[in-house]
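Me: I am new to this structure and would love a close look at its backbone. Could you walk me through the places where the chain takes an unusual turn?

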Amino acid sequence: MGIETEARNFISEIEKLHTIQDIDVAKSKFLGKSGILTQEFKKLSALNSEEKISFGKKLNSIKNQIEEAINNQVKFVKKLELDEKLQAENVDITLPVNNEFGSLHILSYEIKRIKDEYKANGFLILDGPEVETEFFNFDALNIPKYHPARQSQDTFYIEGFPETLLRTQTSCVQIRAMQEKGLPLRMISIGKTYRNDQLDSTHSPMFHQIEGLVVDYNPINIGNLKDALNRIVAFVFEVDSDSVLLRFRPSFFPFTEPGMEVDCCYSKENGNIKINKNGNKWLELGGAGMVHPNVFKACGIDGEAYGFAFGFGLERLVMLKYGINDIRSFYDTDMRILKHYSSISNN
Ligand code: PHE
C-alpha cells in the first residue's frame, strides 16, 4: 500500500475516534518515532536531490493533512466531552424549589430596623468593642474607683489583663464617639453588654442595649430628651408618638445630671401590650439623663457643652412588643420559635 493510501485510510480512521487517548495512540502510530510517516521520511536520505524534492514535498503535504485531521478530531472530541458534561450538569428549572429560606433573628431584625431609621434621620450608627477598659466603661463615665456602681453592675473582668472587662453598658461608646468625633454629635449604638447575672426568664449574662447620645455646644434641654425618648418608643413599638406617655423617675447614673429612669404607659389587652396614654400600667424602659459635665471633661471637650443620653435594654423592649415571656428563647436555637418570628423579620 502506498503512503498516500495509508494516509487516506488513517484520516478516515481518525474520524471514528472518540477519545483523546485513542487519538494520541493513533497519532504516534503515524507520526511517532517509529511511526509510518517517520519511516517514510527516513527514506529521503537514500534519494537523489530531485527525487528528494518531490518526495519530500509529498511527505510534507501528507504530514500537514494528517496533522490537520488530528487537530480537527481533537477539537471535535473536546466539544463532545463538554456537551456531555453540560448535559449531565443540566439543572432542571422546572423542578419545584425548596422555598424555605433563612430569616433574620427577631433581635437582629429589630436592631436593623432601628439602625436604618436613625441613620435615615441623620444619626451616626456607631459600634465599640465588647472587651473594654475600665477607663471607657467606668472612669470616663464619672464612675470613680471603688464606687458602688462598679459592683452593682456585676462586671466580668478578663483574667490576666488588668483593668480589662466585658463592657457592662453601651455608654462606653458615648465616650469613644465624643473623643473621636467631637461635638456636635448625634449617635445611636446598639450592641452586646455583659453582666454577671444568673440566667433566668428575665436575666441573661449577655444582653443588648440601645444607646442614644445627642450633644452640642448649643443648648439642649430635658424637653429635647423627652421628645427623643417619645420618638424612639413610638418607633420601637410601631405606634403613633401621640399615643406615647412617658414618666420620669429620678435616678442616679454618675454620667448624667439629672439622671432618671424612664417608664412608658400601657395597658394589657388579651395578653398583649398596648402602648397608650390611658393605660393603667407602667413599663420600665431604662435609664436616661442630661450628660454630666465631668463626662465632657473626660472626653477632652472644652467650653459649655450640652446634651442627653439614654440606654435601654433591647431584649426587654422586644419581649414586651411581641409578648415573649422568657429572655432565654432569644438564645435557644429552637427552630419553632425562630420560625414563628421569621414571618415578621421576612417582611
Ligand atoms: N448605661 C446605663 C445602664 O446600663 C443606662 C443609661 C444610659 C442611663 C444613658 C443614662 C444615660 O444602666
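Reply:

**The backbone around the prolines and two loops**

Happily! P184 sits in the loop between α8 (171-181) and β4 (185-194); helices here are DSSP runs of H or I with at least four residues, strands are runs of E with at least two, and both are numbered from the N terminus. This is a predicted model, in which local features need pLDDT of at least 70, side-chain atom pairs count only at pLDDT 80 or more, and totals for chains, interfaces and linings use all residues. Residues are numbered from 1 along each chain as its sequence is written, and side-chain values use heavy atoms, leaving out hydrogens and water.

Most residues other than glycine have a negative phi, and most peptide bonds are trans. Leading into P184, however, the peptide bond from L183 is cis, with omega near -5 degrees. A cis bond also joins E257 to P258, again with omega near -5 degrees, but P258 belongs to strand β7 (residues 256-269).

Now for phi. Y146, though not a glycine, has a positive phi of about 65 degrees. You will find Y146 in the loop between α6 (134-137) and α7 (148-152). With 77% relative accessibility, Y146 is exposed; that word means over 50% relative accessible area, buried means under 20%, and partly exposed is in between (1.4 Å probe, protein chains only).

On the other side of α7, in the loop that leads to β3 (164-166), comes E163. E163 is not a glycine either, and its phi is positive at about 60 degrees. Its relative accessible area is 45%, so E163 is partly exposed.
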